[in-house]
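I am opening a notebook page for this structure and will write down what I look up, one topic at a time. The entries keep to what can be read from the model itself.

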Amino acid sequence: MCAGKTNLLLTEFSPLAAIATTPAAVKILQGLDINDGNIWVPESLREIKGTQVYSYSLKNHIADLWQTHRGFVFCLATGAVVRLIAPLLQRKSTDPAVVVVDESGKFVISLCSGHQGGGDELARLIAAQIGGATPVITGSANGLRLPGVDMLGVPFGWRRGEGNWTQVSGVVARGGKIRVIQEVGSTLWRNNLTDGHPFDFAESTNPQGQILITPYVRALSPGMPTVNWHPRVLWVGIGCERGSSRELIETAIQQVFREYGLAEDAIAGIATIDIKADEVGLVELCRDRNWPLKTFAADVLKTVSVPHPSSVVEREVGTPSVAEAAALRVSRAKTQSRKEEERGLLVPKQIFRSPIPNSRSPIQNPSWKVCSTGGTPAPQLSAKSKIQNYQGAVTVAVAQGEREYIGRDGQILLVGMGPGRLSQMTPAAQMAVTGADAVIGYGLYIDLIAPILRPGQVVEALPITQERQRAQRAIELAQWGLSVAVVSSGDCGIYGMAGLVLEELQGHGWDGKVPSIEVFPGITALQAAAARVGTPLMHDFCAISLSDLLTPWEVIKKRLEAAALGDFVTALYNPRSQTRTQQLGIARDIFLKYRHGNTPVALVRSAYREDEQITLTTLEQLLPESVDMLTTVLIGNQSTRTYGDWMITPRGYLGFGNS
Ligand code: SAH
């Protein structure tokens, strides 16, 4: 069984092509999570396994791959790459990400399409994966530690609408003020902006640019560079006759949106009754426009209170409303009162009929017909409407969702960050944190990993006591569609957050697939502590947490007894807190029943952190008062000894001690 996705690089930038022209460059690329089949080399390197040879000129080869690939990683001189890609560049909204790695793996340059193509992110991910490489990102938003104007809505699935994108980004780069008018969508993107950021949410200053976050198509004011972001908050409820054509449905939606000034980019998806799940026109439209099609049974729809119920519809399909009820139901707009209903429903039902035969009640109007049933008056559609040519009849209603639809399956990355120093965190774990949309963890750990956080990430530091809330928050964000890194110190699966998240997911009826899960191991405290004092864990060992918050003290005592009796080297986690002061003394006394008093004991506090303290002592001299919650206590076995400042547990090679 395989759980979750295993490769961040490939999924986000797939298909990805990597190019090397020297053996050293191939080595660098093969160290990355890039499929062998995607590493291209010249004929002269044919012998190197796991690569593909490009048969003619590299220039032609890149041109062939350009349209179909989302990312390119060159391990090649930057100048050469510039010449190769120059003729291929078209638009920053469509060009692939281009990243250049130097042959010694020290620098990873985001060369092209850094924002919309994801080049900056790709460069960061590769730098993290190489381990210790510096991502070279030259966009000004990055220098200012800000999310790009054209990037800030990406984690939430927002779509870029009309706008003077380059000018507004230019205002930010020059330190100007940007007014933000946000009508819909998550405000999480605002929470971690750096001090002195250019965004003004209060409309109090003279802005030089403007960001509108809206489901509407807003006219651009001539004097002020403006961009439109469209969170996908609009759910289109559709009712239609059997056999209604894709074109009729699409045109009806387009006309409604045009008349009501709504942006098609703000469409989250389509909702209807379950008997329409196989309606060919509807299914085709949803597939082509990449809209989810959500269906509901008549029994569900008839419980939704709507402004315009119809007894005719009820007789036919068993619910008095399809379009309005489905739109309201999927958007989860509140419908307790009529007022709330109307707030949720941006467009009450609009009926479009074609005069072509299939229509059940032929309409006399020779070209088209639109009727609105109460509520907002029906828009007057153009008499040249294309609708006349299409088959069927369609009802359209639009409701606004409480939260935008992201359109991606979320994921939870359970990350062990090691004992504290970044260099002790695995490249894969760093990559997971850098790539995530949101990072959740205890405040101290978030501070320790601050250098690898990315501008524009949602970062939520929760107090140490709120593990459950942290797990639930991660699940909530991932179920919505974000990729969420949950950071624990040490290893996330050893007295860390990983287990709690999986347990909570299980409690939420998780199907084991969505959100997907990946666990990134880290160096746990017992390894870190051991490394600082030598080799105390060279023989059988065990870990016991002395915290009785989640485990009954009687159970802990039984395990201490068993570990002592079994002559295990023992690592004590959570040895002592301000309120829990007795347990370590009791543990020491249990071990003294089975081991001699001068058994070596190491007290390692804050291993690999700035305030690290290491004390070597013995079992009988162990003073519980000198230990706190940041300490791991390592108790040797019968053969463990000290030598100078080192603690050694013999493995048995030299014929004495343990075998
Ligand atoms: N998941 C963590 C353990 C969390 S329990 C891990 O795998 O390391 C918290 C306990 O871990 C602390 O009370 C302390 O005993 C130990 N600990 C965590 N980080 C430590 C460090 N840097 N140095 C020493 N002990 C540490």
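**Entry 1, salt bridges.** Before listing anything I fix the term: I count a salt bridge where a side-chain nitrogen of Lys or Arg lies within 4 Å of a carboxyl oxygen of Asp or Glu. The model I am reading is a predicted one, and in it I find 25 salt bridges. Side chains of opposite charge can pair when their charged atoms come close. What I looked for next was a set of linked pairs, and I found R246, E250, E264, R287, D288 and R289 joined in a network of salt bridges.

Within that network I looked up the pair E250 and R246, whose closest N and O atoms are 2.6 Å apart. Both residues belong to helix α8, which covers residues 246-260, and because they are 4 residues apart there, about one helical turn separates them. I also checked their exposure, and both E250 and R246 turn out to be buried.

The second pair I took from the network is R287 with D288, where the closest N and O atoms are 3.2 Å apart. Here R287 counts as exposed, because its relative accessibility of 60% is over the 50% cut-off. D288 has a relative accessibility of 43% and therefore counts as partly exposed.

I then turned to another salt bridge, between D567 and R595, with 3.6 Å between the closest N and O atoms. D567 sits in the loop between α19 (553-565) and β26 (569-573), while R595 sits in the loop between α20 (583-594) and β27 (600-605), so this pair ties together parts that are 28 residues apart in sequence. D567 and R595 are both buried.

**Entry 2, the chain as a whole.** I noted the secondary structure of the protein chain, which has 20 helices and 31 strands. Its C-alpha trace spans about 105 × 65 × 55 Å along the principal axes. How many of the residues are buried? Of the 659 residues in the protein chain, buried ones make up 53%.

**Entry 3, surroundings of the ligand.** Which residues come nearest to the ligand? There are 19 residues around the ligand, and those that come nearest are I494, T524, M629, T631 and T632. Sorted by class, the shell has 10 nonpolar, 7 polar and 2 charged residues.

For polar contacts I went through the atoms one by one. A polar side-chain atom of N574 lies 3.1 Å from an oxygen atom of the ligand. S606 contributes a polar backbone atom, which is 3.4 Å from a nitrogen atom of the ligand. T631, already listed among the nearest residues, has a polar backbone atom 2.7 Å from an oxygen atom of the ligand. As for cover, the ligand taken alone exposes 540 Å², and the protein buries 92% of that.

**Entry 4, backbone geometry.** I set down the background for this entry first: most residues other than glycine have a negative phi, and most peptide bonds are trans. Against that I looked up the exceptions.

A cis peptide bond joins S14 and P15, with omega at about -5 degrees, and P15 lies in the loop between α1 (8-13) and β1 (16-20). Another cis peptide bond joins V514 and P515, with omega about -5 degrees; P515 is placed in the loop between α17 (497-507) and β23 (516-520).

For positive phi I recorded S113, a residue other than glycine, with phi near 55 degrees. S113 lies in the loop between β6 (107-112) and α5 (119-130), and it counts as buried because its relative accessibility is 11%, under the 20% cut-off. Y495 is not a glycine either, yet it has a positive phi of about 45 degrees. I located Y495 in the loop between β22 (483-488) and α17, and its relative accessibility of 46% makes it partly exposed.

**Entry 5, a nonpolar surface patch.** Which residues make the nonpolar surface patch of about 400 Å²? The patch is made by M538, Y653 and L654. I followed up M538, which is in the loop between β24 (534-535) and β25 (541-545). With a relative accessible area of 36%, M538 is partly exposed, and I note that a patch residue needs over 30%.

Note on methods: Residues are numbered from 1 along each chain as its sequence is written. This is a predicted model: local features need pLDDT of at least 70, side-chain atom pairs count only at pLDDT 80 or more; totals for chains, interfaces and linings use all residues. Side-chain values use heavy atoms; hydrogens and water are left out. Patches are made of residues with over 30% relative accessible area and no salt bridge: like charges are joined within 9 Å, nonpolar side chains (Val, Leu, Ile, Met, Phe, Trp, Tyr) within 5 Å. Accessible areas come from the Shrake-Rupley method with a 1.4 Å probe; for residues, only the protein chains shown count as cover. Helices (H or I, at least four residues) and strands (E, at least two) are DSSP runs, numbered from the N terminus. Buried means under 20% relative accessible area, exposed over 50%, partly exposed in between (1.4 Å probe, protein chains only). A residue is near a molecule or strand if one of its heavy atoms lies within 4 Å of it. A polar contact is a pair of N or O atoms within 3.5 Å; within protein, one must be able to donate a hydrogen and the other to accept it, and residues adjacent in sequence count only if both atoms are side-chain atoms. Ala, Val, Leu, Ile, Met, Phe, Trp, Tyr, Cys and Pro count as nonpolar, Asp, Glu, Lys and Arg as charged, and the others, Gly among them, as polar.
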